[in-house]
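Biologist: I'm new to this structure and would love a close look at one part of it. Could you walk me through the largest nonpolar core and the aromatic rings?

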Amino acid sequence: MKRMTFTLIFMLVIFTGCSNSPEKNLTGQAPEKEEHHQHEKPSFFQGDLREKTNSVQELPKFLDEKSDDIKIIYAAAAQHQEVLEHIPCYCGCGTSAGHKSSYQCFVHEVYEDGSLEWDDHGTRCGVCLEIAATAVMEYKDGKSIKEIRDGIDEAYKEGYSSPTPTPMPPSDH
C-alpha cells in the first residue's frame, strides 16, 4: 500500500511538471517557459483500444508493455469508479472520444457479471493520468468527492480543453 501511495505521488509530481497549465501546476509551482495550447481534438485520440477482462483485478493486456506506474493508476482508477465517475477530464476526450468522466479514460464499461471493458486512452494522456491519480489520492486522504472535483475544476479551468460532461456528485459524498 505504501508503495502504491508513493508511486501515485511520484507520478503526480512527474505529470504536473509536464502539465500545460498556464499559471501553476497542481504542486503549486509555476512552469518554466512553456507554450500553452488548448486542444479540442488532439491528434493522439485516434482510435482507443478496448479490451474486456473478467474482473477489476485482471488488468488488460494492452498494459503489459506499460510502466508499473501506469498499471497502478489504471488499477486504482478501476477500483474507484464511485469517485472518478464524478470527476471530469480536461484533455478533450469529451469531444474527441465521447467520454463523460475521468473514469471512462480507463474503463469503458462495467458489466453486471463484474467483467469490464478497459479503454487504453489513459495510457497516452498525462492529463488523464494526473487527474485520476490526484482524485484517488485525495479521496484516500479523506476529501469528499465534491472537494476533489472543485479542486480539479479550479486547477484545469484555464489552458486545457473543455471538461467532459460529468455529473456532479451527490451532496452526501
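Modeller: Happy to! Please keep in mind that this is a predicted model. A good place to begin is F106, which is in contact with I73, Y74, A77, W118, D119, G122, C128, L129 and A132, leaving aside its neighbours within four places in sequence. F106 also belongs to the largest nonpolar core, which has 34 residues; together with I87 and I131, F106 touches the most other members. Several elements each supply at least two residues of this core: α2 (68–78), α3 (81–84), β3 (116–119), α5 (126–140) and α6 (145–155). The largest share, seven residues, comes from α5. In soluble globular proteins, nonpolar side chains tend to be buried together.

Now for the rings. There are five aromatic pairs in the model. In one of them, the ring centres of F62 and Y74 are 6.0 Å apart and the planes stand at 75 degrees, so this pair is edge-to-face. F62 sits in the loop between β1 (50–53) and α2, while Y74 is in helix α2, so the pair ties together parts twelve residues apart in sequence. F62 is buried at 14% relative accessibility, and Y74 is buried at 0%. Another edge-to-face pair is Y156 with Y160, whose ring centres are 4.6 Å apart with planes at 65 degrees. Y156 is buried at 1% relative accessibility, and Y160 is buried at 5%.

To return to F106: this residue forms one aromatic cluster with F62, Y74 and W118. Finally, a charge meets a ring at Y111, where K52 lies over the ring face, 4.3 Å from the ring centre.

Definitions and conventions. Residues are numbered from 1 along each chain as its sequence is written. This is a predicted model: local features need pLDDT of at least 70, side-chain atom pairs count only at pLDDT 80 or more; totals for chains, interfaces and linings use all residues. Side-chain values use heavy atoms; hydrogens and water are left out. A nonpolar core is a set of buried Ala, Val, Leu, Ile, Met, Phe, Trp, Tyr and Cys residues joined through side-chain atoms within 4.5 Å. Buried means under 20% relative accessible area, exposed over 50%, partly exposed in between (1.4 Å probe, protein chains only). Helices (H or I, at least four residues) and strands (E, at least two) are DSSP runs, numbered from the N terminus. Contact means heavy atoms within 4.5 Å. Rings of Phe, Tyr and Trp (its six-membered ring) pair if their centres lie within 6.5 Å; planes under 30 degrees apart count as stacked, over 60 as edge-to-face and the rest as tilted. A charge sits over a ring if NZ of Lys or CZ of Arg is within 6 Å of the ring centre and within 35 degrees of the ring normal.
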